[in-house]
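Visitor: I'd like to learn how to read a protein model feature by feature. Could you walk me through one?
Guide: Sure, let's put it on screen.

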Amino acid sequence: TNAHVVEGSSAVTVLLDDGRELDAWIVGSDTRTDLAVVKITADGLVPASFGDSDILQVGERAVAIGNAAGQLSGTVTQGIISGLNREISMQAGNSVVTMNLIQPSAAINPGNSGGALLNLDGELIGINTAKLSMFEGIGFAIPSADAQPVVEDLIAYGYVKDRVALGVMVIALSPVTGPANDLPSQGLYISSVEDYSDLN
């Protein structure tokens, strides 16, 4: 789920599709990636399989599942991958973090946070996390390729153990992004250097 979903919680309850309500505990939470892991104990659970968000293409079909409006559990919406690597800044605890997110056209509303974004094979390709409140139909999900190592660390250690950051913002150049910025049509361009970086 998302860190902002469980932030400040003293107790967490998970409602399963079959109607069971189970007490859960927070295994770990990471506000920098807006991810958290909660654990329940129950019989007959089938874990989701991770898909590879790195191979997604704009136009592919996707399905979002969540608890729309906080009261419509199991809401399923479908659409396409509208954008990849959308650089979005959002509040995380007391600071603002910037992440590169998937933009699906499947409706993501308040309450969908922490829900699954799936490909048509039923594989988890993202974790629904945010929407632009001033516009309809513009929501975002954390790519599975970014989420999976964080989730693995949260399960193993309760926190993200080895966080490595170069301290730069990089733009992947393509025949579209390069010439539009008077840059080559391939390669990587360092657009900014963070204050904490040794490159500064």
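Guide: We'll go from the whole chain down to single residues, and keep in mind that this is a predicted model.

Visitor: Let's begin with the overall make-up. How many helices and strands are in the chain?
Guide: The chain has three helices and 11 strands. Going along the sequence, their pattern reads α-β-β-β-β-β-β-β-β-β-α-β-α-β.

Visitor: And how do I judge the compactness of the chain from its radius of gyration?
Guide: Compare the radius with the globule rule. Here the radius of gyration is 18 Å and the rule gives 16 Å for 200 residues; the two are close, so the chain is as compact as a globular protein of that length. Along the principal axes, the C-alpha trace spans about 55 × 35 × 30 Å.

Visitor: What share of the residues count as buried?
Guide: That's 35% of the 200 residues. You can also look at contacts: among those with a separation of 6 or more, 49% come from residues 24 or more positions apart.

Visitor: Now sheets. What should I look for?
Guide: Strands of a sheet pair through backbone hydrogen bonds, in a parallel or an antiparallel way. In this model, one open sheet has three strands in the order S1-S2-S3, with antiparallel pairing. S1 (12-15) and S3 are the edge strands, each with a single partner, so one side of each has no neighbour in the sheet. On average, neighbouring strands here are turned by 50° against each other, ignoring direction.

Visitor: Over how many bridges do S1 and S2 pair?
Guide: Four, in the antiparallel sense. If you want a spot to click on, Thr13 stands opposite Asp23 in S2. Helix H2 (residues 144-157) packs on this sheet, where it touches S2 and S3, and the direction of H2 makes about 45° with that of S3.

Visitor: What about the nonpolar interior?
Guide: In soluble globular proteins, nonpolar side chains tend to be buried together. The largest nonpolar core in this model has 19 residues, and Leu35, Leu101, Ile127 and Ile142 have the most contacts inside it. Elements giving two or more residues to this core include S3, strand S5 (72-92), strand S8 (124-131) and H2. The biggest giver is H2, with four residues.

Visitor: Which residues is Leu35 in contact with, leaving aside its neighbours within four places in sequence?
Guide: Among them are Ile127, Ile142, Ala147, Val150 and Leu154, as well as Thr1, Asn2 and Ala3. There is also a second, separate core of 10 residues, including Leu56, Ala62, Ile108 and Ala141.

Visitor: Let's zoom in on Asp34. Is Asp34 buried or exposed?
Guide: Buried means under 20% relative accessible area. Asp34 has 6%, so it is buried. Its place is in the loop between strand S2 (21-30) and strand S3 (35-39).

Visitor: Which side chains join that of Asp34 in polar contacts?
Guide: One is the side chain of Thr129, at 2.7 Å. Another is the side chain of His4, at 2.8 Å. Setting aside neighbours within four places in sequence, the contacts of Asp34 also include Met90, Met99 and Ile142.

Visitor: Can you show me a contrasting case?
Guide: Try Leu120, in the loop between S7 and S8. Exposed means over 50% relative accessible area. Leu120 has 61%, so it counts as exposed. Leaving aside its neighbours within four places in sequence, Leu120 is in contact with Arg61 and Val63.

Visitor: Last one: backbone angles. What's the general idea with phi?
Guide: Most residues other than glycine have a negative phi. Asn85 has a positive phi of about 55° although it is not a glycine. You'll find Asn85 in strand S5, and with 59% relative accessibility it counts as exposed.

Visitor: Where is Asp182 found?
Guide: In the loop between helix H3 (177-180) and strand S11 (187-193). Asp182 has a positive phi of about 55° and is not a glycine. With a relative accessible area of 76%, Asp182 is exposed.

Technical notes. Residues numbered from 1 in each chain as written. Predicted model: local features only at pLDDT ≥ 70, side-chain atom pairs only at ≥ 80, totals over all residues. Heavy atoms only, no water. Buried < 20%, exposed > 50% of the residue type's maximum accessible area, 1.4 Å probe, protein only. Polar contact = N/O pair within 3.5 Å; in protein donor to acceptor, adjacent residues only side chain to side chain. Contact = heavy atoms within 4.5 Å. Pairing = 2+ DSSP bridges. Axes fitted to C-alpha atoms, helices over the stretch in contact; angles between N-to-C directions. Core = buried A, V, L, I, M, F, W, Y, C linked by side-chain atoms within 4.5 Å. Rg over C-alpha atoms; globule rule 2.2 N^0.38 Å.
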